[in-house]
Amino acid sequence: MLTRIDHIGIACFDLDKTVDFYRATYGFEVFHTEVNEEQGVREAMLRINGTDDGGASYLQLLEPTRDDSTVAKWLAKNGEGVHHIAFGTADVDGEAEAIRNKGVRVLYDEPRTGSMGSRITFLHPKDCHGVLTELVTSASSHH
Ligand code: CMX
Ligand code: CO
């Protein structure tokens, strides 16, 4: 089961400036920052709200760390904006398998490491009506 919006991923050129915008405009504070070398991003998670399943929903602000990263490529083509949406689940492996069996391309054979020790995978945007879709199991709900 997918039980929440885990986060909305937003690509930006300058993470610090974008964080400042979200703080000044909406009062959202940074909950967590990290560099994910595998994904080629420096990111800030802004916690927006708690959710019915005991988890939370975030904005994930993403700045590329290298020119050949997926986010750098996307920014060069599209400019800043919404890059992906992520659904939360207690079982990313099971959900990925079930969705793969429906004919949607899952990008990774095994989930990889995402923000805050979560486990993540992605669905191809061309199989999801143009939306790059991530599935997330947060560290606190690993079994
Ligand atoms: N949303 C919607 N469509 C997208 C997209 C996105 N974010 N990124 C690419 N596309 C579309 C392109 O517009 C293009 O469509 P057209 O052929 O119609 O022009 C097509 O997909 C192929 O795009 P591309 O620029 O050639 O990009 P690639 O195929 O090299 O990569 C993808 C696309 C989805 C495989 C790659 O972005 C990927 O592996 N993403 C998952 C990892 C990721 O995004 N990590 C960063 C976030 C990390 C995190 O959330 O923690
Ligand atoms: Co994400």
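**Group meeting: the sheet, helix 1 and the shell around ligand 1**

Let me begin in the middle of the sheet: strand 5 and strand 8, residues 133-137, are parallel partners, joined by 4 bridges. In that pairing alanine 86 faces glutamate 134 of strand 8. Before going on, I should say that this is a predicted model. Its mean pLDDT is 97 for the protein, with 98% of the residues at 70 or more. The scores are ipTM 0.99 and pTM 0.97.

Now the sheet as a whole. There are 8 strands in an open sheet, in the order 2-3-4-1-5-8-7-6, and the pairing is mixed. Strand 2, residues 30-36, and strand 6, residues 112-113, are the edge strands; each has a single partner strand, so one side of each has no neighbour in the sheet.

Next, strand 1. This strand covers residues 2-11 and runs parallel to strand 4, with 5 bridges between the two. With strand 5, strand 1 pairs in the antiparallel sense, over 8 bridges.

Two isoleucines show how strand 1 is held from both sides of the pairing list. Isoleucine 8 is opposite leucine 59 in strand 4, and it is also opposite isoleucine 85 in strand 5. Isoleucine 10 is placed opposite leucine 61 in strand 4, while its bridge partner in strand 5 is valine 82.

Over to the strand 2 end of the order. Strand 2 and strand 3 run antiparallel and are joined by 6 bridges. One opposed pair there is histidine 32 with methionine 45 of strand 3. The two strands make a hairpin with 4 residues between them, and in the turn glycine 40 has a positive phi of about 70°.

Which strands does helix 1 lie across? Helix 1, residues 15-26, lies across strand 2, strand 3 (41-50) and strand 4, and it runs at about 145° to strand 4.

That brings me to the ligand. How many residues surround ligand 1? The number is 24, and the closest are Gln39, Thr70, Phe122, Pro125 and Leu132. Four elements give two or more residues to this shell: strand 4 (56-64), helix 2 (70-78), strand 5 (81-89) and strand 7 (119-123). Helix 2 provides the largest share, 5 residues. By residue class, the shell splits into 9 nonpolar, 11 polar and 4 charged.

It may help to put the two parts of the talk together. Strand 4 and strand 5 are among the elements that give two or more residues to the shell around ligand 1. In the sheet, strand 4 is joined to strand 1 by 5 bridges, and strand 5 is joined to strand 1 by 8.

Last, the annotation. An unreviewed UniProt entry marks residues 4-138 as "domain: VOC". In the model, that span is 22% helix and 41% strand, and its end C-alpha atoms are 11 Å apart.

Note on methods: Residues are numbered from 1 along each chain as its sequence is written. Chains are lettered from A and ligands numbered from 1 in the order in which they are written. This is a predicted model: local features need pLDDT of at least 70, side-chain atom pairs count only at pLDDT 80 or more; totals for chains, interfaces and linings use all residues. A residue is near a molecule or strand if its C-beta atom, placed from the backbone, lies within 6 Å of it. Ala, Val, Leu, Ile, Met, Phe, Trp, Tyr, Cys and Pro count as nonpolar, Asp, Glu, Lys and Arg as charged, and the others, Gly among them, as polar. Two strands pair if DSSP finds at least two bridges between them. Two residues are in contact if their C-beta atoms, placed from the backbone, lie within 7 Å. Axes are lines fitted to C-alpha atoms, for helices over the stretch in contact, and angles run from 0 to 180 degrees between N-to-C directions. UniProt positions are given in the numbering used here, feature names are shortened, and annotations may be inferred rather than shown by experiment. pLDDT is the predictor's confidence in each residue, from 0 to 100.
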